[in-house]
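Reader: Could you walk me through one part of this model in some detail? I'd like a close look at how the protein meets the DNA, and then whatever helps put that part in context.

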Number of protein chains: 2
Amino acid sequence: MDNRAKILSSALKLFATRGYDAVGTQEIVDAAGITKPTLYHYFGSKEGLLTALLETHFESLYQAVREAATYQHDLPLTLNRVVLAYFNFADKHRLYYRLQLSMWFAPVDSIPFKAVAEINQKQQQLLEDLFLQAANDHGNMKGRHRMYAATFLGMINTYVSLSLNGYASMDDELVYKAVHQFMHGIFS
Amino acid sequence: MDNRAKILSSALKLFATRGYDAVGTQEIVDAAGITKPTLYHYFGSKEGLLTALLETHFESLYQAVREAATYQHDLPLTLNRVVLAYFNFADKHRLYYRLQLSMWFAPVDSIPFKAVAEINQKQQQLLEDLFLQAANDHGNMKGRHRMYAATFLGMINTYVSLSLNGYASMDDELVYKAVHQFMHGIFS
DNA sequence: TCCTTAGTATACCGATTGGTATACAAATCG
DNA sequence: CGATTTGTATACCAATCGGTATACTAAGGA
């Protein structure tokens, strides 16, 4: 692992568990076993480090969700795939997903929120497109694709958060439960 | 408005928009028009100020939700009341709800998370009790009260967040939509 | 009136903040 | 080989961090 990777790894661990603003650059470089000029050589600023962290990890989540979210006239199947994609990713990159989750509702004028805004928007867009297409096959869904996208992602993040904190496990059963509840509610 | 109230007000605005760790005590006292010893006289520490902020505002949310969540063998009605209670509160105390929301998924080892943990637990407990009682009338809900509570609160917070950012408005229609989706899913 | 208490300001504390000027070493390239 | 680029450390910067010692004022009770 080269120094750049060491810095990313240390920063991920610290940001995800204590928060961006609560962790100083000195602590990061100490944990990485290097010094500050090296950090600033690779990332330019503390904010640049955070951005690089998101760019490094988000791309693979984005690709996975994008593939899962291609609509083929079977909404239940597609939603299952999307939830599965999120669960697989979050389970494989637990620390990173913790970080992304902690930035999801960050204060609007904070650095973390600005850094994560594009990521949130890209996820929202993928899901909006999906529900927009699905509305062609399910007339009663028309005009609600934005709400569906937001609440679906909200539900996924709720389940992931429960799992990351040990109150559930991201297995096939939870995927089924999540999708079923989203589609049919709690009464069936 | 006395000095204590001035400090609480300034701190709320700053914490909610920029985040607890990103705002220094000096900035808070400057905004309040007083000096540091006054802040430490009333709150003891920066963390104590945050705690006082939560205690000051959460109680009225808790009372409102507790009344709304008393089950009388009509789950749809009760859920409507709960969502309405949240919307009314969040709309009346927008800044505070932004703060509470930003701390909801805060990193586990951060001060904000520890400060908000009890609040999260109390809300979860209210909703768990509700779904536990409801499960007596709806057999197919049995054993899922924890999940229902978590996802219901997750959905409420998703809707509130959308509204606080201007993508929806917390009116009766949104209450109906939220409850309907939670109970019957998206297909009806 | 005297004493105590609450509240507030001035001025300061050591530690840490994000960030950098300088120098040097290793690798790369012509 | 010599020159240039990349990477890294030492040592430092002004500014800010959370917090406080001291002194003062105003108010209330005995």
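**Where the protein meets the DNA**

Author: Let's start with DNA strand C, which has 16 residues around it, the closest being A:Thr25, A:Lys46, B:Asn3, B:Thr35 and B:His41. Keep in mind that this is a predicted model. Among the atoms of DNA strand C that lie within 4 Å of the protein, 55% are sugar or phosphate, and the rest are base atoms.

Now for some of the phosphate contacts on that strand. B:His41 has a side-chain N or O atom 2.7 Å from a phosphate oxygen of DNA strand C. B:Tyr42 puts a polar side-chain atom 2.9 Å from a phosphate oxygen of the strand. From chain A, a polar side-chain atom of A:Tyr40 sits 2.8 Å from a phosphate oxygen of DNA strand C. In terms of elements, those giving two or more residues to this surface are α2 (25–32) and α3 of chain A, plus α3 of chain B. α3(B) gives the most, with four residues. By residue type, the surface near DNA strand C splits into six nonpolar, eight polar and two charged.

Over to DNA strand D. Here 16 residues are around the strand, and A:Asn3, A:Thr35, A:His41, B:Thr25 and B:Lys46 come nearest. Sugar and phosphate make up 57% of the DNA strand D atoms that come within 4 Å of the protein. As for the phosphates, A:Thr35 has a polar side-chain atom 2.7 Å from a phosphate oxygen of DNA strand D. For A:His41, an N or O atom of the side chain is 2.7 Å from a phosphate oxygen of that strand, and for A:Thr38 the distance is 3.2 Å. The elements that supply two or more residues here are α3 (36–43) of chain A, along with α2 (25–32) and α3 (36–43) of chain B. The largest share, four residues, comes from α3(A). Sorted by type, the surface near DNA strand D has six nonpolar residues, eight polar and two charged.

So much for the DNA; next, how the two chains are related. Chain B superposes on chain A by a rotation of 180° with 0.0 Å of shift along the axis, at an RMSD of 0.0 Å. The two copies are thus related as by a two-fold rotation axis. In chain B, the residue whose C-alpha comes closest to that axis is B:Gly185, at 2.0 Å. Both copies use the same surface, and 100% of chain B's contact residues recur in chain A.

That brings us to the contact between the chains. Chain A and chain B put in 45 residues each. Between them they bury about 3600 Å², with 67% of that on carbon and sulfur atoms. B:Phe105, B:Ile186 and B:Phe187 supply 22% of what chain B buries against chain A, more than any other three residues. The rule finds zero salt bridges across this interface, while ten residue pairs are in polar contact. On chain B's side, the elements giving two or more residues are α1 (3–18), α6 (94–104), α8 (145–164) and α9 (172–184). α8(B) gives the most, with ten residues. The chain B side divides into 24 nonpolar residues, 16 polar and five charged.

Definitions and conventions:
Residues numbered from 1 in each chain as written. Chains lettered and ligands numbered in written order. Predicted model: local features only at pLDDT ≥ 70, side-chain atom pairs only at ≥ 80, totals over all residues. Heavy atoms only, no water. Near = heavy atom within 4 Å. Polar contact = N/O pair within 3.5 Å; in protein donor to acceptor, adjacent residues only side chain to side chain. Nonpolar A, V, L, I, M, F, W, Y, C, P; charged D, E, K, R; others polar. Contact = heavy atoms within 4.5 Å. Buried area = accessible area lost by both parts, 1.4 Å probe. Salt bridge = Lys/Arg side-chain N within 4 Å of Asp/Glu carboxyl O. Least-squares fit on C-alpha atoms with pLDDT ≥ 70 in both.
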